[in-house]
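Student: I have a structure to go through and would like each label justified by a number. Can we take the terms one at a time?

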Amino acid sequence: MKDYKAQLEKLRTDAAECALIRDLATDKAKRELFDRLANHLTVLAEQVELAMLERHKGAGT
């Protein structure tokens, strides 16, 4: 479970960093790229979180 939590935190941190770069970028292509990266990393973090919840549910039954 520690691996999941560490990976989840890393994905969230990376997504936040991409969003920050997106917000600071002056180049439109760079903004769009970092927007896509931030969104993708956010989705991955959500998937890891769901996997953690499902694993926790499975262990509880």
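Tutor: Start with a cut-off: a residue is buried under 20% relative accessible area, exposed over 50%, and partly exposed in between. Keep in mind that this is a predicted model.

Student: Why is Asp-23 called exposed?

Tutor: Asp-23 has a relative accessible area of 53%. The label requires a value over 50%, so Asp-23 is exposed.

Student: What makes Arg-22 partly exposed?

Tutor: Its relative accessibility is 22%. Partly exposed covers the range between 20% and 50%, so Arg-22 counts as partly exposed.

Student: How do you know that Asp-23 forms a salt bridge with Arg-22?

Tutor: The closest N and O atoms of Asp-23 and Arg-22 are 2.9 Å apart. The limit for a salt bridge is within 4 Å, so the pair meets it with 2.9 Å. Arg-22 and Asp-23 are also linked with Asp-35 in a network of salt bridges.

Student: How many salt bridges are found in the whole structure?

Tutor: The search finds five. One of them joins Glu-49 and Arg-12, whose closest N and O atoms are 2.9 Å apart.

Student: Why is the pair Glu-49 and Arg-12 said to link distant parts of the chain?

Tutor: Glu-49 sits in helix H2 and Arg-12 in helix H1, with their positions 37 residues apart in the count along the chain. As for their surroundings, Glu-49 is partly exposed at 33%, and Arg-12 is partly exposed at 38%.

Student: What makes Lys-28 and Glu-32 a salt bridge?

Tutor: Their closest N and O atoms are 3.7 Å apart. That value is within the 4 Å limit, so the term applies. Both residues lie in helix H2, four residues apart, about one turn of the helix. An α-helix has 3.6 residues a turn, so residues three or four places apart point the same way.

Student: Which of the labels do Lys-28 and Glu-32 get, buried, partly exposed or exposed?

Tutor: Lys-28 has 55% relative accessibility and counts as exposed. Glu-32, at 39%, counts as partly exposed.

Student: Why is Phe-34 called buried?

Tutor: Phe-34 has a relative accessible area of 17%. Buried means under 20%, so the label holds for Phe-34. Phe-34 is found in helix H2. Leaving out residues up to four places away in sequence, Phe-34 touches Cys-18, Ile-21 and Arg-22.

Student: What makes the set containing Phe-34 a nonpolar core?

Tutor: The term needs buried residues of the nonpolar kinds joined through side-chain atoms within 4.5 Å. The largest such core has eleven residues: Leu-8, Leu-11, Ala-15, Cys-18, Ala-19, Phe-34, Ala-38, Leu-41, Ala-45, Val-48 and Met-52. Helices H1 (2-24) and H2 (28-60) each supply at least two of these residues, and H2 gives the most, with six.

Student: Which residues of H1 are buried?

Tutor: They are Leu-8, Leu-11, Ala-15, Cys-18 and Ala-19. Beyond its neighbours within four places in sequence, Cys-18 is in contact with Phe-34, Leu-37, Ala-38 and Leu-41.

Student: Why is Leu-44 called partly exposed?

Tutor: Leu-44 has a relative accessible area of 28%. That value falls between the 20% and 50% cut-offs, so Leu-44 is partly exposed. Leu-44 is in helix H2, and its C-alpha atom is 14 Å from that of Cys-18, 26 residues away along the chain.

Student: How do you know that the span of H1 is close to the expected one?

Tutor: H1 has 23 residues and reaches 33 Å from its first C-alpha to its last, against an expected 33 Å at 1.5 Å a residue.

Student: How many helices and strands are in the protein chain?

Tutor: There are two helices and zero strands.

Student: What makes the protein chain more spread out than a compact globule?

Tutor: Its radius of gyration is 15 Å, whereas the globule rule gives 10 Å for 61 residues. The computed value is well over the rule, so the chain is more spread out than a compact globule. Along its principal axes the C-alpha trace spans about 50 × 15 × 10 Å. Of the 61 residues, 20% count as buried.

Terms used. Residues are numbered from 1 along each chain as its sequence is written. This is a predicted model: local features need pLDDT of at least 70, side-chain atom pairs count only at pLDDT 80 or more; totals for chains, interfaces and linings use all residues. Side-chain values use heavy atoms; hydrogens and water are left out. Buried means under 20% relative accessible area, exposed over 50%, partly exposed in between (1.4 Å probe, protein chains only). Contact means heavy atoms within 4.5 Å. A salt bridge is a side-chain nitrogen of Lys or Arg within 4 Å of a carboxyl oxygen of Asp or Glu. The expected span of a helix is 1.5 Å times one less than its number of residues. The radius of gyration is taken over C-alpha atoms; the globule rule is 2.2 Å times the number of residues to the power 0.38.
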